[in-house]
Amino acid sequence: MIHSSAIVDPNSKIGLNVKIGPNCIIYENAIIGDNTIIDAFCEIGVPTELADGKLLVIGGGSHIRSHSIFYEGSSFGERLVTGHRVTVRENTVAGKNLQIGTLSDFQGDCHIGDYVRTHSNVHIGKHSKVDSYVWIFPYVVLTNDPHPPSNTQMGVVVKEYAVIATMSVVLPGVVVNEHSLVGAHSLVNRDVPEGMVVAGHPAKIVCEASEIKLKGTTESAYPWPSHFTRGYPEALVSEWALKFSR
Amino acid sequence: MIHSSAIVDPNSKIGLNVKIGPNCIIYENAIIGDNTIIDAFCEIGVPTELADGKLLVIGGGSHIRSHSIFYEGSSFGERLVTGHRVTVRENTVAGKNLQIGTLSDFQGDCHIGDYVRTHSNVHIGKHSKVDSYVWIFPYVVLTNDPHPPSNTQMGVVVKEYAVIATMSVVLPGVVVNEHSLVGAHSLVNRDVPEGMVVAGHPAKIVCEASEIKLKGTTESAYPWPSHFTRGYPEALVSEWALKFSR
Amino acid sequence: MIHSSAIVDPNSKIGLNVKIGPNCIIYENAIIGDNTIIDAFCEIGVPTELADGKLLVIGGGSHIRSHSIFYEGSSFGERLVTGHRVTVRENTVAGKNLQIGTLSDFQGDCHIGDYVRTHSNVHIGKHSKVDSYVWIFPYVVLTNDPHPPSNTQMGVVVKEYAVIATMSVVLPGVVVNEHSLVGAHSLVNRDVPEGMVVAGHPAKIVCEASEIKLKGTTESAYPWPSHFTRGYPEALVSEWALKFSR
């Protein structure tokens with residue numbers, strides 16, 4: 001299951017039934033869980049002094065799409081799924097079932113919960129904290145330096161079930177609270193209250209998220225787990241049905 | 001003309017005089033037209049269940065630059081030209097002479113006309129419809145989900161000769177009409193009328209496109225085919241000279 | 001030091017103690033300075049008619065990270081450092097110690113000074129002029145066409161010590177003057193005066209940069225070399241200590 005053109009360091013730890021595509025490079029400090037697929041042209045476990053010799057752990061049942069790069073020193077729970085050309089730096093700890101969109105760039109030193117989803121081309125700055133069940137859409141940037149360039153790093157915090165829409169920037173140290181929604185192309189310069197929609201430049205409160213209706217219906221679009229469950233495990237969907245039923 | 005390090009599935013169909021660069025991977029369901037150049041590190045015809053076994057068709061005379069990825073299930077007319085690291089998903093139908101800029105990401109299920117141009121890092125959401133002669137500039141995103149995340153997908157429509165400038169976001173279901181211009185860094189949340197310029201956040205009507213003059217002259221910059229013809233075939237340029245002469 | 005899977009044109013000029021990673025392609029017109037590291041999957045010296053046969057010169061002591069692409073016809077001073085998947089086109093002249101972030105795209109025909117830093121995913125349009133000691137943050141675009149698409153190209157000028165924060169667009173021909181700061185997610189449509197902060201949509205003057213204090217202190221955050229010196233050589237840091245001491 002390891003393509004003949006792949007370069008696999010003999011000290012790396014490859015699980016059972018792992019598939020490694022053409023031209024991949026697997027470095028010494030990589031641990032790859034069982035039943036994982038690594039597509040072509042990936043680099044897994046790239047060495048860096050910033051990881052202090054820590055390993056890269058990829059959970060079982062993962063799928064890393066082609067041209068992706070993971071540094072050593074981070075760990076991912078089971079069933080990580082990525083798009084193409086993803087870059088993930090060192091010292092990030094992520095839960096299970098993280099999905100990272102094509103071209104996304106995780107800068108390292110982040111905490112990521114379970115079942116987090118980023119769409120394409122999302123930039124997660126160093127020291128970000130993204131809790132479980134968060135959705136982040138294309139070209140969103142979570143920043144960290146309040147007066148760039150400086151040595152101060154104030155990571156963004158995004159709490160459970162929050163959603164950040166396309167091409168929004170969240171400024172350093174801002175907290176995006178539970179069940180909130182940041183509208184597209186917004187500049188978020190202060191904390192977003194729980195369950196509220198903010199939008200604009202700078203982002204201001206627009207309404208409660210529950211006031212947004214699913215197109216052509218009178219049903220609330222938020223909290224989104226009341227109607228959107230694609231790709232989540234059955235147990236979680238059942239839990240949501242009880243928790244978010246209308 | 002096929003580099004010795006390329007991996008070419010024997011069931012793929014490679015036309016005459018096709019050049020395939022080092023380390024490329026050509027999958028089973030790819031059909032590549034005559035006189036096409038595929039540069040190094042490309043993946044052509046990546047399998048996906050979402051394509052229902054449909055082929056990938058690349059028209060003749062195309063040039064796909066290095067590190068690009070095309071899924072099976074899409075088709076492109078002749079003379080497709082791409083930049084580097086382009087990603088194109090399944091079930092998109094595109095006309096001839098499409099140019100896709102470096103890092104651009106076509107998400108699939110799109111209809112693309114003839115002679116469409118995207119510059120670098122353009123994101124075309126699923127179910128977008130982009131008509132012929134459209135120009136889309138860097139970091140533009142065409143979205144599709146009115147209340148993300150949801151199962152509703154309302155593609156953007158961009159009509160002939162329309163232009164969308166750098167880092168604008170077009171919201172789901174919006175129609176950008178013929179000969180209109182969306183200014184840079186705009187958020188477009190309603191239809192753009194034919195021949196008008198919109199800009200801002202949200203985008204508002206600024207003026208008629210014909211009121212914008214070429215720098216240092218009294219000539220209208222729009223419709224743009226009255227003065228910009230680089231890279232288009234002679235027959236089309238002649239047609240434009242009659243249609244858009246001042 | 002050249003990996004066996006790399007393809008190195010015998011006419012290219014590789015300095016002493018150069019390391020070239022797996023699957024790299026080094027073209028005929030590349031000149032690579034001593035002690036340089038080229039990571040895996042890079043293409044160095046990609047041919048283009050637009051370079052008129054000019055060479056690509058990479059200064060000594062450089063480090064080009066994996067999946068990067070440099071065209072022929074450009075030159076870089078010593079100690080160039082790049083992230084991953086960088087694209088740099090022809091006819092750009094850059095000074096020493098340039099740092100280019102992951103996914104950044106330099107379109108060519110640019111002048112870049114010494115010690116310039118771009119973070120991830122920065123787009124430098126053709127004919128840009130970026131002076132020494134400039135910082136440009138993620139998803140910034142320097143544009144060049146005042147009425148796209150056209151044959152007019154008016155490059156942006158960014159002067160010494162200026163800073164452009166995340167996801168800002170600078171319109172064609174605009175001059176961002178010395179020691180100024182462009183706030184995040186701004187649209188800059190006119191010249192930015194020396195030492196001023198601009199922000200917004202379109203960007204307006206906010207205050208003097210020196211009025212911004214380092215978080216939790218009464219010290220000015222700008223000029224930034226008064227407190228931020230990481231990665232610069234000692235001689236320069238000493239010079240700055242005299243020049244920018246508080």
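This passage describes the chain interfaces, the symmetry and selected local features of a predicted model.

The relation between the chains was examined by superposition. Chain B can be laid on chain C with an RMSD of 0.0 Å, by a turn of 120° combined with a shift of 0.0 Å along the axis. This is the relation of a three-fold axis.

The interface of chain B with chain A was considered next. Chain B contributes 37 residues to this contact, and chain A contributes 36 residues. The size of an interface is often given as the accessible area lost when the parts come together. For chain B and chain A, the buried area is about 2,700 Å², with carbon and sulfur atoms giving 65% of that area. On the side of chain B that touches chain A, 18 residues are nonpolar, 16 are polar and three are charged. Zero salt bridges are found across the interface of chain B and chain A. Polar contacts, in contrast, are present between chain B and chain A, with a count of 18 residue pairs in which both residues have pLDDT 80 or more.

Chain B also meets chain C. This contact takes 36 residues from chain B and 37 residues from chain C. About 2,700 Å² is buried between chain B and chain C, and 65% of this area lies on carbon and sulfur atoms. Within the area that chain B buries against chain C, a share of 22% comes from Arg85(B), Tyr139(B) and His185(B), which is more than any other three residues supply. The side of chain B that touches chain C comprises 17 nonpolar, 14 polar and five charged residues. Zero salt bridges are found across the interface of chain B and chain C, while 17 residue pairs, both members at pLDDT 80 or more, are in polar contact there.

Over all chains, the whole structure contains 12 salt bridges. One of the pairs meeting the criterion of 4 Å is formed by Lys126(A) and Asp109(A), whose closest N and O atoms are 3.9 Å apart. Lys126(A) is in the loop between strand E19 (123-124) and E20 of chain A, and Asp109(A) is in the loop between strand E16 (105-106) and E17 of chain A, so the salt bridge ties together parts that are 17 residues apart in sequence.

Aromatic pairs were also counted, and the search of the whole structure gives 48 over all chains. In the pair of Tyr115(A) and Tyr133(A), the ring centres are 5.9 Å apart and the planes stand at 10°, so this pair is stacked. Tyr115(A) belongs to the loop between strand E17 (111-112) and strand E18 (117-118) of chain A, whereas Tyr133(A) belongs to the loop between strand E20 (129-130) and strand E21 (135-136) of chain A; the pair therefore ties together parts that are 18 residues apart in sequence.

Backbone geometry was examined at selected positions. In chain A, the peptide bond from Pro148(A) to Pro149(A) is cis, with omega near -10°. Pro149(A) is located in the loop between strand E22 (141-142) and strand E23 (157-158) of chain A. In chain B, the bond from Pro148(B) to Pro149(B) is cis, with omega near -10°, and Pro149(B) lies in the loop between strand E22 (141-142) and strand E23 (157-158) of chain B. Tyr161(A), although not a glycine, has a positive phi of about 65°. The loop that holds Tyr161(A) runs between E23 and strand E24 (163-164) of chain A.

Methods
Residues are numbered from 1 along each chain as its sequence is written. Chains are lettered from A and ligands numbered from 1 in the order in which they are written. This is a predicted model: local features need pLDDT of at least 70, side-chain atom pairs count only at pLDDT 80 or more; totals for chains, interfaces and linings use all residues. Side-chain values use heavy atoms; hydrogens and water are left out. Contact means heavy atoms within 4.5 Å. Buried area is the accessible area (1.4 Å probe) that two parts lose on being put together, summed over both. A salt bridge is a side-chain nitrogen of Lys or Arg within 4 Å of a carboxyl oxygen of Asp or Glu. A polar contact is a pair of N or O atoms within 3.5 Å; within protein, one must be able to donate a hydrogen and the other to accept it, and residues adjacent in sequence count only if both atoms are side-chain atoms. Ala, Val, Leu, Ile, Met, Phe, Trp, Tyr, Cys and Pro count as nonpolar, Asp, Glu, Lys and Arg as charged, and the others, Gly among them, as polar. Copies are superposed by least squares on the C-alpha atoms of residues with pLDDT of at least 70 in both. Rings of Phe, Tyr and Trp (its six-membered ring) pair if their centres lie within 6.5 Å; planes under 30 degrees apart count as stacked, over 60 as edge-to-face and the rest as tilted. Helices (H or I, at least four residues) and strands (E, at least two) are DSSP runs, numbered from the N terminus.
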